[in-house]
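Welcome! Here is a short briefing to help you find your way around this model. Have a look at the picture first, then read on.

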Amino acid sequence: MAGFSRTEAYSVLVLICLFLSFSEARDHLVGGKSDAWRIPSSESDSLNHWAQKSRFLVGDSLVWEYDASKDSVLQVTKRDYVTCNTSSPIETYTGGSTKVKLEHSGPYYFISGAEGHCKKGQKLIVVVMSEKHRHFIGVSPAPSPVEIEGPAIAPAPTSAARRLTGGFFMMTLGVVLVVM
């Protein structure tokens with residue numbers, strides 16, 4: 001059996017790199033920066049703006065960095081999100097560095113555990129896309145969070161570019177190897 005030619009070997013390497021770049025789960029720093037879990041200074045500073053511009057897939061994780069002596073992260077139901085009810089969370093995170101794996105598609109609701117912070121806008125909805133979307137990562141933003149009853153949700157700015165870094169790097173590497 002004849003061996004692979006140089007071109008065939010590079011082609012196989014490119015395919016492997018592309019497969020790995022599209023199948024890896026990602027960590028998303030909430031708000032795109034370490035001090036983002038706080039009361040927003042304006043509607044345009046809300047974390048939901050950031051979430052609407054990002055793409056979340058099953059297997060990805062959200063990462064929060066915050067002062068554990070002053071705040072916490074609560075995962076709540078839709079109803080508790082709308083009413084800012086902190087009394088019966090699904091999960092409570094208090095460590096100051098919190099990582100939550102997104103294990104299923106659909107909406108996830110998070111609010112601040114600090115008294116009064118949720119009512120001032122410190123909350124987040126993340127819509128996770130199903131596994132079938134994993135191979136079709138593109139530049140377009142994720143769908144808007146589901147409509148909720150109650151006060152308007154204010155969004156927060158950041159870039160989805162972080163999400164594409166791995167795929168872009170792997171594609172660039174593949175092109176370079178093919179050209180060689």
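**A buried serine to start from**

S61 counts as buried, because its relative accessibility is 6%, and buried means under 20%. Please keep in mind that the model is predicted. From this residue we can move out to its strand, then to the sheet around that strand, and then to a second sheet.

**Around S61**
- You will find S61 in strand 3, which covers residues 61–65.
- Across in strand 6, K101 is the bridge partner of S61.
- Apart from its neighbours within four places in sequence, S61 is in contact with R26, D27, H28, K99, V100, K101 and L102.

**The sheet of 3 strands**
- As a general point, strands of a sheet pair through backbone hydrogen bonds, either parallel or antiparallel.
- Strand 3 belongs to an open sheet of 3 strands, whose order is 1-3-6 and whose pairing is mixed.
- At the edges lie strand 1 (27–29) and strand 6 (97–101), each of which pairs on one side only.
- From one strand to the next, the twist averages 25°.
- The pairing of strand 3 with strand 6 is antiparallel and runs over 5 bridges.

**The sheet of 5 strands**
- Another open sheet is formed by 5 strands in the order 2-8-7-4-5, again with mixed pairing.
- Its edge strands are strand 2 (56–57) and strand 5 (91–93), and each pairs on one side only.
- Strand 4 (residues 73–76) pairs with strand 7 (residues 106–112) in the antiparallel sense, over 4 bridges.
- Here L74 has I111, in strand 7, as its bridge partner.

Definitions and conventions: Residues numbered from 1 in each chain as written. Predicted model: local features only at pLDDT ≥ 70, side-chain atom pairs only at ≥ 80, totals over all residues. Heavy atoms only, no water. Pairing = 2+ DSSP bridges. Helix = DSSP H or I, 4+ residues; strand = E, 2+ residues; numbered from the N terminus. Axes fitted to C-alpha atoms, helices over the stretch in contact; angles between N-to-C directions. Buried < 20%, exposed > 50% of the residue type's maximum accessible area, 1.4 Å probe, protein only. Contact = heavy atoms within 4.5 Å.
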